[in-house]
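Biologist: I am new to this structure and would like a close look at a single part of it, namely the aromatic rings and their surroundings. Please go slowly and explain how each description is reached.

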Amino acid sequence: MQADNGKYHSGIDPVKAKRLNLLSRLATFTCILMYVSYIPEIMANFSGTPVNPIQPLVAMINATLWTGYGWMKPAKDWPIIIANVPGILFGLITFVTVFVH
């Protein structure tokens, strides 16, 4: 039976592993969408209507911590890494553009 990272694990129900893989992909996709949704806030910042900088700053810090966690695991947790890298970028861009308008 194959898990997310391509390695075989004994003792895991194949149906459960398949569902977990699907959940992992869905969660990764929706997490990326969550961070991409900062684009309207970035546009508002450039148009002279800056948003509150706290939420994107905290989101960027959170995404950085999760990316580090996924990277430092003995077997890299790619869904966590892939889902949170956009949070680092979009959170940083949103935070910086609050002050550059």
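Modeller: A residue is called buried when its relative accessible area is under 20%, exposed when it is over 50%, and partly exposed when it falls in between. Please keep in mind throughout that this is a predicted model.

By that scale Trp-78 is partly exposed, because its relative accessibility is 44%, and Trp-71 is partly exposed as well, because its value is 45%. Before turning to their rings, it helps to know that two aromatic rings are taken as a pair if their centres lie within 6.5 Å, and that planes over 60 degrees apart make such a pair edge-to-face. Counted in this way, the model has three aromatic pairs. Among them is the pair of Trp-71 and Trp-78, whose ring centres are 5.7 Å apart and whose planes stand at 90 degrees to each other, an edge-to-face arrangement. Another pair joins Phe-95 and Phe-99, and it is edge-to-face because the planes meet at 75 degrees, with 5.3 Å between the ring centres.

The ring of Trp-71 has a charged neighbour too, since Lys-76 lies over its face at 4.2 Å from the ring centre. Another lysine, Lys-73, takes part in a salt bridge with Asp-77, in which the closest N and O atoms are 3.2 Å apart, and the count of salt bridges in the model comes to one. The two partners of this bridge fall into separate classes of accessibility: Lys-73 is partly exposed because its relative accessible area is 28%, whereas Asp-77 counts as buried because its relative accessibility is 19%, and the limit for buried is under 20%.

To place the phenylalanine pair, the overall layout is needed. The chain contains four helices and zero strands, and from the N terminus on its elements run α-α-α-α. Of its 101 residues, 28% count as buried. Phe-95 and Phe-99 both belong to helix 4, which covers residues 78-99, and they sit four residues apart, or about one turn of the helix. The two rings are not equally covered: Phe-95 is partly exposed because its relative accessible area is 23%, while Phe-99 is exposed because its value reaches 55%.

Phe-99 also belongs to a nonpolar patch on the surface, which it forms with Phe-46, Leu-92, Val-96 and Val-100, and together these residues have about 490 Å² of accessible area. Helix 4 gives the largest share of this patch, namely three residues. Val-100, in contrast, has its place in the segment after helix 4, and it counts as partly exposed because its relative accessibility is 48%.

An annotation covers this part of the chain as well. According to UniProt, in an unreviewed entry, the feature "transmembrane region" is placed at residues 20-39 and 78-100. In the model, the stretch over residues 78-100 is 96% helix and 0% strand, and the C-alpha atoms at its ends are 33 Å apart. The other stretch, over residues 20-39, is 90% helix and 0% strand, with 30 Å between its end C-alpha atoms.

What remains is how some residues of other helices lie relative to residues in this later part of the chain. Leu-92, one of the patch residues, has its C-alpha atom 8.9 Å from that of Ala-59, although the two are 33 residues apart along the chain. Ala-59 is in helix 3, residues 54-72, and it counts as buried because its relative accessibility is 9%. Phe-90 and Ile-39 are separated by 51 residues in sequence and by 7.7 Å in space, C-alpha to C-alpha. Ile-39 lies in helix 2, residues 39-46, and is partly exposed because its relative accessible area is 35%. Finally, Pro-79 and Thr-28 are likewise 51 residues apart in sequence, with 5.8 Å between their C-alpha atoms. Thr-28 is found in helix 1, residues 14-36, and it is counted as buried because its relative accessibility is 13%.

Definitions and conventions: Residues numbered from 1 in each chain as written. Predicted model: local features only at pLDDT ≥ 70, side-chain atom pairs only at ≥ 80, totals over all residues. Heavy atoms only, no water. Phe/Tyr/Trp six-rings, centres within 6.5 Å; stacked < 30°, edge-to-face > 60°. Buried < 20%, exposed > 50% of the residue type's maximum accessible area, 1.4 Å probe, protein only. Helix = DSSP H or I, 4+ residues; strand = E, 2+ residues; numbered from the N terminus. Lys NZ or Arg CZ within 6 Å of the ring centre and 35° of its normal. UniProt positions renumbered as here; feature names shortened; annotations may be inferred. Patch = residues over 30% accessible without salt bridge, like charges linked within 9 Å, V, L, I, M, F, W, Y side chains within 5 Å. Areas by Shrake-Rupley, 256 points an atom, 1.4 Å probe, with all protein chains shown as cover. Salt bridge = Lys/Arg side-chain N within 4 Å of Asp/Glu carboxyl O.
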